[in-house]
Structure formats: C-alpha cells, structure tokens
Amino acid sequence: MLEAAIAAFRKAIGGENVVTDSVGLERYGWCTIPIRRQIAAVLRPASVQEVQQVVQIASTQRIALYPISTGNNWGYGSALPAQDHNVVVDLGRLNRIIEINTELAYAVVEPGVTQRQLYQHLQEHRIPLRLNPTGAGPACSILGNTLERGFGIGPYGDHFLAQCGMEVVLASGEVLRTGFGHYPGAKATYVYKWGVGPYLDGLFTQSSYGIVTKMGVWLMPAPECFETCYMTCDSEEQLGPLIDAVRHLLFNGVFYGPMNLLHRNRVLIMVGRYPWEEMGGQTPLKESVAQRLAAQKKIGAWNGVGAICGSKEQVRAARQTIKRALKGKASRVRFLSDAKLKLLQRYPSAFGVLLRMNVPDLLQALQNSFGMMKGVPSEIALSLAYWRNKRPVPVAGDINPARDNCGLMWFAPIIPMTGEDVAAFRRIVEPIFAKYGFECCITLTAVNERCFDCTLPLLYDKDDSTEATRAEECYRELVESCRQHGYVAYRLGLQSMEAETTRDDVFWSVVAKLKGALDPQHILSPGRYAR
Ligand code: ADP
C-alpha cells in the first residue's frame, strides 16, 4: 500500500517533493528526547489543493499522515510522529504571508511562515506592528506554536488568544473555514474570534483533527513608548511577597505582555554552559559553584522581567506604580529604554557599577530579552538546550538543539499565581531534580493574571545513554508527582502522550469519540492527543 501511495503522492505534488531516501529523512528524525521513530516518507506540498490531494490519497491507501509546520517543537518531540511508519507532511512550502492589515493590526499566515519571516516583512515594509515571539527561536512557525497553545514573551502572550480564523483540511479532504470564514465575503473573519454557532477553532489546537493551512494572527500596534523592567530578589524569602505584588500589578494592567520570574539556575543555563572543568566532570552543579557563578554575573535568587508601554505619561506612571508596589519586595528594580540600552552598549562597565549589574557579561542577554519583549525573535532562550551538551557551540543563527543531539525535555505545568502554590510546587519538583542529579531551572511566566506557566527544562547529556535513561525516569516522576498534587502540564510531548491520553477518564474518551467522528480511519497524526 505504501508503494502505491508514494507513486500517487509523486504524481500529485511532484517527485522532488516526496522524500524517501535515508539522507533526506534524517533531519526529520532529529529530536532532543530519547525517542526514535520510523518515518515512512516526507511530503512537501505547496498549496491547500495539494494538501487536499495528499489527504485523499492517504485515505484511499490507508496511510497515516503527520503534518508539521516547521517541525522544531523543541523538547516535545520535534518532527517525530506519535507512532511509527507515518508519512510526515512538511508544510514548510506553504509559507506565504497572505495579508497584513495595518489598520486592524492582524496578519494572515500559512504554516511555513516563521517568526523571522514575519518580523522581517514588518521591518522591510515599515509596518508599525509587532509580533509576539516565543523563546523557540526565529526559525519556528507562528502557526505551529499557536496550534500547540504556546506563548510568547512579547505583546499578547498567549498565542491562541491572539488567533482569529482558521482554514483546515479535514480527513475527508474537505476544507473547513472557522469563525465567519465560511460565509463568502465575510468582513469580520480576522477581527472576531467566535463567529456564530459552536466555536470550533479550539478543536484544532493540541489535537489531530485536521491540517491547518491558514490562520489569522492579531499583532500589536507599536506603542509610542516602550520600556522593560528588571527586578532582582537577592533572597529566596522575597519570592512569596513578590508574587503577590506582581499579581496585583497584572490585575491593574500595569504590565504589557507576560511577566517572567526566573530562578537563578534558569538565568545561569541561559547565559553559559555547564562548567565541566570547575566541576571536574561531575554533575549535578554544586550549590557553591552555582552561587559563585551567580555572584560573578550578579544574578539574583529570583530575577523578574516584564514590559511597560503606552504614551510617555502612561509609561512614567507605570514606572512609579511598579517601584511603589515592589518596595521591600525586590532588592533592585531597573528600567531599560531604547536610549538607555544604547548607552549600556557604549559604556557597559560604567553602567554595570551604576545599576549593580554585570552589564558586560549580561549585555547580550539584556539586548535580546529587551528585543523579544518588543517583538524581535531571538535565539537567546534556545541556547539553554546546550547546557550539558559537550559538542562545540554552534555559531549564532545556526542553533538547532535537535540536530546537535542536545538533551532537552520540557515539562510545563500551570500553577495558580499564589506564593503558597509556587512554594508547594517547588517542594515537589526540586527534590526530584536533586534525586536524579539534574538542575532545577524554573521560570514562572504569568500567561494571565491568575496563573503561571512554569516552564521546566530537563537538561541532560543525550550522548550519554545512562544519563538519558535517568532523565526519562526523572521526567515520569515529575509528571506523576505533580499530577497527584494538582499541577498538570498545559501541553504534552511525545514523552508523555500515550500515558496521558489513554487514561481512564471521561475527558479523554470524549476526545477519542470526536477523533472517530472527524477522522474515522485515523489517517491524521494517529495517537497525538487522542487515543
Ligand atoms: P514549531 O516548529 O514552531 O515548534 P511544529 O511545526 O513543530 O512547530 O508544530 C508543533 C506540532 O503541532 C507538530 O508536531 C504537529 O503535531 C502540530 N502541527 C503543526 N503544524 C500543524 C498544522 N499546520 N496542522 C496540524 N497540525 C500541526
């Protein structure tokens, strides 16, 4: 059946867009999780019509397809399907920015449009709109991350909240347009999320119910004034009161986009690599070494970062409100504007003394975090994947943790935004990381005013198979213990897909029934978020 299907795929989308040779398939097997998959072939269609043809052939020949946009999905499985012998449908050639509406501040993009591409398009055409980059880097798809309900640290935060209108190829080969999009000539498809009747868009996120070929994305009009705010807590005791203060500030709309609180270890893994020499080749990182590195770089026990924007008067008022709210709760609060950043770049050492910051060491990180909150995609957050990797550092612009065999598994549970919840959560996860010999590197991202998305990277040396096995065991214990205490991840990776979705639970059985209704032959991403 596969041979007949391959012949039909070649005819439909051109032989050069059907990959079956081992060299061509190699990149699709790269992954930061210790899992391998047999991939039957890769298809590279270039239009919605070609995607429809591919689906029709797969349905006739009973071939399972696995659609990806850019296929990075770092730490969650990259381009690997949930099961063996799928045909990967790489939508990278569907990479048109179909529309940008400057007045109403939205873009309509295809799956292959990357963060870099949209950013450059806005820059080149001097369009005063800002995107919301994820930490996954400039080469990642805007649409792919939205379908996984990921978030960025720029304007709007939660990507799915800023999504409006979808075009989806169903397993039947039909094309579904959500919201108002199915009414010919509808004017409000990309400006009103809900349309009329049941809201269907959510069904196509974290699911396997269709292949999304187009999406509307709201962008943020560039504000008159923009600044970032950095807060440092020298002591662990400050975290609880800081969380309360931050929650009040968020409810009052002082910050723009999410606010991030980074544990000392998280900053260390973002700005350097594992100190193998100092540690004599031993892991995990000793507390004394972590403290020395943090002191040298002037990194606090907790480090907060957020953005404020609006008119000059609004930004001035926000600065004062933040300073007042954080008095006694943060050891230092500093603000950075474009003008200040230019001065830091010119006189890093002098400003380091003034700001009590190691500006020369942290300048790159400061520049990149400032840029990301302003909508400039960056690799800054991605370099952490190399923490325990012993291979040479790739040059900037060429970071690819899956290709470089970095060991990274993300665990991202949602924590209510209270000091007690964060403390209870830490009492669960920190001993587990210590037990298995890994560094616990927490970031708490306020994806809304009521909860943190805690992104926890489990970083290991993937070239060391014993360590990789230990990392898998650690991951399982983290998921299990957190669930028992009520903290559940917002997104599943390959590493926990089957265990979660096959649980005896009415929710997952309804998800399976919907799968049966929309894709009775299970030809789309079988095993992904549905049994
Ligand atoms: P990124 O490269 O931005 O991390 P991916 O392309 O890896 O995003 O997408 C993440 C996951 O979302 C994929 O593994 C796939 O299961 C699903 N996905 C991505 N794009 C589509 C799409 N256009 N239609 C359906 N599912 C998709």
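In which loop is Pro-284 found? Pro-284 is found in the loop between helix H7 (264-271) and helix H8 (287-297), where helices (H or I, at least four residues) and strands (E, at least two) are DSSP runs, numbered from the N terminus. The structure is a predicted model, in which local features need pLDDT of at least 70 and side-chain atom pairs count only at pLDDT 80 or more, while totals for chains, interfaces and linings use all residues. Residues are numbered from 1 along each chain as its sequence is written, and side-chain values use heavy atoms, with hydrogens and water left out.

**Backbone features**

A cis peptide bond, with omega of about -5°, joins Thr-283 and Pro-284. Most peptide bonds are trans, and most residues other than glycine have a negative phi. Asn-73, in the loop between E3 and strand E4 (86-90), has a positive phi near 35° although it is not a glycine. A positive phi near 35° is also found for Ser-525, which belongs to the segment after helix H16 (506-518).

**The ligand and its surroundings**

Asn-73 appears again beside the ligand, for among the 20 residues around the ligand the nearest are Ser-69, Thr-70, Asn-72, Asn-73 and Val-212; a residue is counted here if one of its heavy atoms lies within 4 Å of the ligand. The table lists polar contacts, each of which is a pair of N or O atoms within 3.5 Å.

| Residue and atom | Ligand atom | Distance |
|---|---|---|
| Tyr-66, polar side-chain atom | oxygen | 3.0 Å |
| Ser-69, polar side-chain atom | nitrogen | 2.7 Å |
| Val-212, backbone N or O atom | nitrogen | 2.8 Å |

The protein covers 97% of the 550 Å² of accessible area that the ligand has on its own, as computed by the Shrake-Rupley method with a 1.4 Å probe. Two or more residues of the shell around the ligand come from each of strand E3 (65-68), helix H5 (142-147) and strand E10 (211-218). By class, this shell holds nine nonpolar, nine polar and two charged residues, where Ala, Val, Leu, Ile, Met, Phe, Trp, Tyr, Cys and Pro count as nonpolar, Asp, Glu, Lys and Arg as charged, and the others, Gly among them, as polar.

**The second largest cavity**

A cavity is a set of points, on a 1 Å grid over the protein atoms alone, where a 1.4 Å probe fits but cannot get out, and its lining residues have an atom within 4 Å of a point. There are four cavities of 30 Å³ or more, and the second largest has a volume of about 140 Å³, which is the space filled by probe spheres set on the points. Of the 18 residues that line this second largest cavity, Asn-132, Ile-142, Thr-146, His-159 and Val-217 are the closest to its centre. Helix H4 (115-124), H5 and E10 each give two or more residues to the lining, and E10 supplies the largest share, four residues. The lining divides into 10 nonpolar, eight polar and no charged residues.

**An open sheet**

Four strands form an open sheet of mixed pairing in the order E1-E2-E4-E3, and two strands pair if DSSP finds at least two bridges between them. Strand E1 (18-19) and E3 stand at the edges with a single partner strand each, so one side of each is left without a neighbour in the sheet. E1 pairs with strand E2 (residues 39-43) in the antiparallel sense over two bridges, and the bridge partner of Val-19 in E2 is Val-42.

Conventions: A polar contact is a pair of N or O atoms within 3.5 Å; within protein, one must be able to donate a hydrogen and the other to accept it, and residues adjacent in sequence count only if both atoms are side-chain atoms. On a 1 Å grid over the protein atoms alone, a cavity is a set of points where a 1.4 Å probe fits but cannot get out, and a pocket is an open set with protein on both sides within 12 Å along at least five of seven lines; lining residues have an atom within 4 Å of a point.
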